[in-house]
Amino acid sequence: MEMLRIIWDTILNLANESGFAGFFTPGGWRDGVMILVACFLLYLAIGRKFEPLLLLPIAFGMLLANLPFAGLNAVPSTELIPIAEATATEIAKYGTVVAANGEEFVQVAHSGGLFYYLYLGVKLGIYPPLIFLGVGAMTDFGPLIANPKSFLLGAAAQIGIFITFIGAILLGFPANVAGSIAIIGGADGPTAIYVTSKLAPEYLGPIAVAAYSYMALVPIIQPFFMKALTTPKERRVVMEQSRNVTKTEKIIFPIAVTIVVSLLLPSAAPLVGMLMLGNLFRESGVVARASNTAQNELMNIVTIFLGTTVGATAKGEVFLQVDTLLIIGLGLFAFCMGTAAGVLFGKVMYLFSGGKVNPLIGSAGVSAVPMAARVSQKVGQEYNPANFLLMHAMGPNVAGVIGSAVAAGVLISILG
């Protein structure tokens, strides 16, 4: 009987210490819900191919972080154990300390979980600028240089950020949280993460998931506004071929943008500076290995770390709140307003150019490169199969990358 009791107690201890028992603790149901949400996001990433390079690690990080008792987000800590209760191994490993009353203790150090250390790259603002380094190395700013008016379309698309900021304030969000929500409208995941890590890190999970979800839904969301705000005649406009841009112009551009933007808005320097450094790697032609590394190995490694650690911040107690639903709704509003503002400003340029600018390229002013430009091309060809808007749309698209970084700098300067 004694043996049966020992076996039974062992089974009970194993059951109580297993992750399954965690679902039955107070609030443990939230972990189960978040695991289901993570599985749904994995389906979108794998089954529907919605931004899989980012959504898959985010979803799996969310899954791991919500496994009960796994301790992946554990914070490093120390514990004082009376020497009489310490094991010989603990005494040999950690040594003893003497308390004020003369009693001896063993100071046992508990290391943090895996995601605690990986998250330092987000907390310290390291990962997003490195992502921008890779984006810069992959981006051709030629269409923007050839048509500098594209800067206006990229700037116009950022209006949605500031409209949403005001709306979030009116709904009762603190200014720092409102700024983090509003930046979703730039359709730039790394920028949203960077701003939120500076202003409202406790909301990083829902804001990052919303930002990357809307980036993935660009082909679904944008066409509605593009068609609703333009006429068939405007959509059929064929734009003139852009001029050729010299290598000298492409080399000077990232240097000049870095100097001007950083002097005007120092808080934007980390994002804009790394974006332009990556582009200078590409255009200089003298550091091919650095350019290839930034585009491939470095970009992929940082994306994995960024995605999993951001997903790991989406814990049930934070994510499953009314505020989260408001954040997701406001993020969608910000993105829609950005798209609409870009298209409307495209219509203004259409009028002032005497019908030479197709307003559809204004929707590419958001920072989802190159997806937003491809959507402009696709919608344009629906109404005129001979129309090729891709390179024209790339101008405002890459301007949107710069614009979102500048908007981030403005928000951090004002609210940080």
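## Ala-187 and Phe-69: two positive phi angles

Ala-187 counts as buried, because its relative accessibility is 2% and the cut-off for a buried residue is under 20%. This alanine belongs to a predicted model, as does every residue described below. Ala-187 is found in the loop between helix H12 (175–182) and H13, and its phi is near 55 degrees, a positive value in a residue other than glycine.

Phe-69 also has a positive phi without being a glycine, with a value near 70 degrees. The loop that holds Phe-69 runs between H4 and strand E1 (77–82). Whereas Ala-187 is buried, Phe-69 counts as exposed, because its relative accessibility is 55% and the exposed class begins over 50%.

## Overall architecture

The protein has 416 residues, of which 49% are buried. Its secondary structure comes to 24 helices and three strands, and the C-alpha trace spans about 90 × 40 × 40 Å along its principal axes.

## The largest pocket

The largest pocket holds about 820 Å³ of space. Its lining is made up of 30 residues, and those closest to the centre of the pocket are Glu-51, Leu-54, Met-138, Met-299 and Val-369. The elements that contribute two or more residues to this lining are helix H4 (52–65), helix H8 (127–138), helix H13 (189–199), helix H20 (297–312), helix H23 (371–383) and helix H24 (390–415). Sorted by class, the lining has 18 nonpolar residues, with seven polar and five charged residues besides.

Val-369, named above among the residues closest to the centre of the pocket, is joined to Pro-370 by a cis peptide bond, for which omega is about -10 degrees. Pro-370 itself lies in the loop between helix H22 (322–352) and H23, and H23 is one of the helices that give two or more residues to the pocket lining.

## Pro-128 in helix H8

Helix H8, another of the elements that give two or more residues to the lining of the pocket, contains Pro-128. This proline is buried, because its relative accessible area is 1% and a residue is called buried when that value is under 20%. Pro-128 and Met-274 are 146 residues apart in sequence, yet the distance between them in space is 9.5 Å, taken from C-alpha to C-alpha.

## Salt bridges

The count of salt bridges in the model comes to six. One of them is formed by the side chains of Lys-227 and Glu-382, with a distance of 3.2 Å from N to O. This pair links distant parts of the chain, since Lys-227 is in helix H15 (residues 218–228) and Glu-382 is in helix H23, 155 residues apart. Glu-382 also forms a salt bridge with Lys-378, where the closest N and O atoms are 3.3 Å apart. Lys-378 and Glu-382 are separated by about one helical turn, because they are four residues apart in helix H23. Lys-227, Lys-378 and Glu-382 are thus linked in a network of salt bridges. Within this network, Lys-378 counts as exposed at 54% relative accessibility, whereas Lys-227 is partly exposed with a relative accessible area of 31%, and Glu-382 is likewise partly exposed at 41%.

A further salt bridge is the one in which the side chains of Glu-249 and Arg-243 meet, at 2.8 Å from N to O. Both partners are partly exposed, with a relative accessible area of 25% for Glu-249 and of 42% for Arg-243.

## A nonpolar patch on the surface

Ile-255, Ile-259, Val-260, Leu-263 and Leu-264 form a nonpolar patch on the surface, and together these residues have about 540 Å² of accessible area. Ile-255 lies in helix H17 (residues 247–264). With a relative accessible area of 42%, Ile-255 is partly exposed, and this isoleucine can therefore belong to a patch, for which the cut-off is over 30% relative accessible area.

Notes:
Residues numbered from 1 in each chain as written. Predicted model: local features only at pLDDT ≥ 70, side-chain atom pairs only at ≥ 80, totals over all residues. Heavy atoms only, no water. 1 Å grid on protein atoms, 1.4 Å probe; cavity = no way out; pocket = protein on both sides within 12 Å on 5 of 7 lines; lining within 4 Å. Points joined across faces, edges and corners; volume = space filled by probe spheres on them. Nonpolar A, V, L, I, M, F, W, Y, C, P; charged D, E, K, R; others polar. Patch = residues over 30% accessible without salt bridge, like charges linked within 9 Å, V, L, I, M, F, W, Y side chains within 5 Å. Areas by Shrake-Rupley, 256 points an atom, 1.4 Å probe, with all protein chains shown as cover. Salt bridge = Lys/Arg side-chain N within 4 Å of Asp/Glu carboxyl O. Buried < 20%, exposed > 50% of the residue type's maximum accessible area, 1.4 Å probe, protein only.
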